[in-house]
Structure formats: C-alpha cells, structure tokens
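User: Please walk me through this protein. I would like short questions with reasoned answers.

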Amino acid sequence: MITRADEAWEGARHFHAGSGDPDAIVQARSVEDVVTAVRWASLRQVPITVIGGGHSAWGTVPGGLTLDVSGLRTVEVVGDLVRIGGGATWGAVADILAGRGLGISSGDTASVGVGGLTLGGGIGWMVRAWGLAADQLVGAQVVAASGDVVEVTAQTHPELMWALRGGGGNFGVVTRFDFRAHALDAVVFAACRVVGDKRAALRAVRELMRDAPRELTVTYMDVPPMDPSAPAGAGITAVWAEPDEEAARDALAPLLARDDLVFDSLAVARYPDILLDMPAADPSAPPPGFVGGNALLAELGDEAVDELVSFRERHPASVLLLRSLGGAYADVAQEDTPFPARDATWFAMAGAFDLPGVLDVAGRADALRLEERLDALGCGFYGNFTTSTDAALAAKVFPPPTMARLAAVKREWDPQNLFRRNHNVLPA
C-alpha cells in the first residue's frame, strides 16, 4: 500500500490515461494481495477503483482506494483455453498467442487492459469473425466484495458469468479471465486514404459491408493530427481474419476499384502488429476534455452519414470513427449477454476536443447536439467508448430489462456497492 507520505506515490498515481488522487494505492502482486485490499476496503466502505491497462477515466475520480492489478499479467495456454491475469494488456497477450497460432478478438490498441475491455464488451478487429471479447469469455476468477475468491463458469455461477460478459466491473475484481481462443496464423491488413468525397466513400463502405463475409471487418476514421498511430485525415482500414490475401482482395474489390480511395497497404500481417501503440498521457498535463457521444446503429443511413461527416468538417479538432458489426457479433442472442443492440450493424463515435481557444460556446453546443442526435439515431450505447464518469450513463449503457437483471446479480455479490467506480449498477 502506497500513500502520499511515500516516496513512490508520485509515480504510482500515474496511469495510462492520466493521474489519480486516491486516498491510497495498492499494487497487487498476487490474488492474496487483492483479497487483502478488498477486505480492507469493505470493512471501511471505501470505494475501489481497479486499474489494469489504465485507459479508463475512472482512475481520475478522487478519493477511495486504487487497486492496481497490472502485476497480475500471466498468460497460460492449454490447448485453445487461455487463462489471462486480470492486469494483462492485449498487445502482450496477442504476441504470446501469435507464437502458438492462436488469437482472441480484442480491441485495436496494444496497451488496453484485458479486464476493462472484456468486462465492457470489447469491439475489436475480429468482431465480425469471432464476436466481442466478452463473447469468448468462458470463465473467470473473481474476488467478490466479501473477499471470497470465486471460480465462475456458466455451470458454477451462471448469472454472475452472464453479468461479467459486458456488465462492467460492478461485481468484483476479476483476477483471471478464461477465454476460448481461435486458430489464427495471421491476418490480412489493408489501409487506404480517402482523397475524394467522404460521404461517397463512406456510403461505398456501407454498401460493401451489407453482404460482406464475416471474415472482413472495416473501420472508417477521420482525425486531426494527433500522433503517429493515427495519421491525420480520413481513411479506411480493414482486417481479413485469415492470412489469405487473394480472398481479402476479392472482398475489398469494390473499394480497390474506386478512384477516391488510395490504398497504401494490403498485405498479410501478424495480428499483434496491427494493434495500435497509443502513447500514454502526459501526467503533468490535464487530460483534454471531449464533447460528443457514440451509438450502436441498426443501420448507417444517409442521414447519419451526412450528420457525422458534416460535424467533422465543421470542427478541425474533432474525431469520427465507425466500425462495422454484424457477423458473429449478431449470432449471440440479446439475452445471452448484457451487451446492448445485437442487431446493430455499425458502431459510431464522434465528438470534439474541448481545448482552450479551440471549442467555443457555439462549438460546444454543436457537439452536445451531436450527442443528442447519436442517441436518437442509435439503438444502443457502448460504455467502453466514453471518457465521462457521469453516473447517469449506466442507464444509457444498459436497457431497463438488462439493468434489472444486473441489479439482481449485484445484490447477491456486492450488496453494499463497494464496486461503484464504473458505469454503476445499483443493487436491487
């Protein structure tokens, strides 16, 4: 345990997305450390913020106990069963699995934590081929609010297992995730720049994905200059979930034939090599604000295309991201996980950076209107893709029937709401 009186405090309070100001920090090196920390916090009713990869904004909420589980990062492979420590990051996991001809659908950033991404669902490069990260979860080891270590499967604790597959960090500290991996030697990765009309290009991608094989997942991104991992401007990236370049070219043929798209690459690649390497936040600088929203879209209609592209054009310091869904994502019945909108075909995120001298009052109002429009256009909201710590967001993440079921699970496993530094589900 580290407090402000300790020399290690300043370094310990920094994490990937920013800096925290908790009452104390525990750097766990074992499951026993986690048990001790949870029991200590439970006795005193001190809220716990769990830090793994550290991309979440919740670490910036002051006070409470920060439980840093990044020391729990072992990866054990037994056949296609992969047991991963709760503090591991996806880049490290992908690298280990690639050497064994295996893969798990993760996010698209190497430094993102396995824990946070999976508990929130996990839309990644293989979402159409294999589903969400949570869809591949078959078991977990959880330290509950009581301090008990619980082995969770669909057979031993079916309701808790259901809740872990998209219900967030509401139910305990997951010290080990058990996934069923897929055979994967390599992928085909393609990237192109949009050099013509962005609306036309985005409509072309939409039409391509209506009947595309599930091996193909595409992303449209339009960003300002930020860092080398995200080149400025509009571009389309695509992943074919097999090392078959000819098949990938066939699937992408309508885009390859367009004059308004310039392909810079289309080649077989190792899966770990396509994960972005996002630089950590500068701990000395306050994190930039962000005004906008996201939506799971049943259909990417012309109205949505125009609204999203127009917003990006109006605001130089803004971002637009769209990723295709469907395929294996849609194979999972809505009631089988807490994740919303299994009928969605696209995920969209857009907004503006709230920086001094960049976003004025009118610009902020415009960004807030966009957030409202995304709510109206969407059929669901993705909790992992928000930097807000607003407690009211949980009602957007989980529809009423899902929330009621999660609240019943919460009552059983965390009746005092010890784990509330998240998109919080109140105990029924």
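The questions below cover a sheet, a core and a buried polar residue.

Analyst: This is a predicted model, in which local features need pLDDT of at least 70, side-chain atom pairs count only at pLDDT 80 or more, and totals for chains, interfaces and linings use all residues. Residues are numbered from 1 along each chain as its sequence is written, and side-chain values use heavy atoms, with hydrogens and water left out.

User: Which strands stand at the edges of the open sheet?

Analyst: Strands are DSSP runs of E, at least two residues, numbered from the N terminus. Two of them pair if DSSP finds at least two bridges between them. The five-strand order is β6-β7-β11-β9-β10, with antiparallel pairing. Each edge strand has a single partner, so one side is left without a neighbour in the sheet: these are β6 (75-78) and β10 (149-153).

User: Which residue in β7 stands opposite V78?

Analyst: Four bridges join β6 to β7 (residues 81-85), and the two run antiparallel. Opposite V78 stands L81.

User: Is N424 buried or exposed?

Analyst: N424 sits in the segment after α14 (400-413). Buried means under 20% relative accessible area, exposed over 50%, partly exposed in between (1.4 Å probe, protein chains only). N424 has 14% relative accessibility, so the residue counts as buried.

User: Which side chain makes a polar contact of 2.7 Å with the side chain of N424?

Analyst: A polar contact is a pair of N or O atoms within 3.5 Å; within protein, one must be able to donate a hydrogen and the other to accept it, and residues adjacent in sequence count only if both atoms are side-chain atoms. The 2.7 Å partner of N424 is N417.
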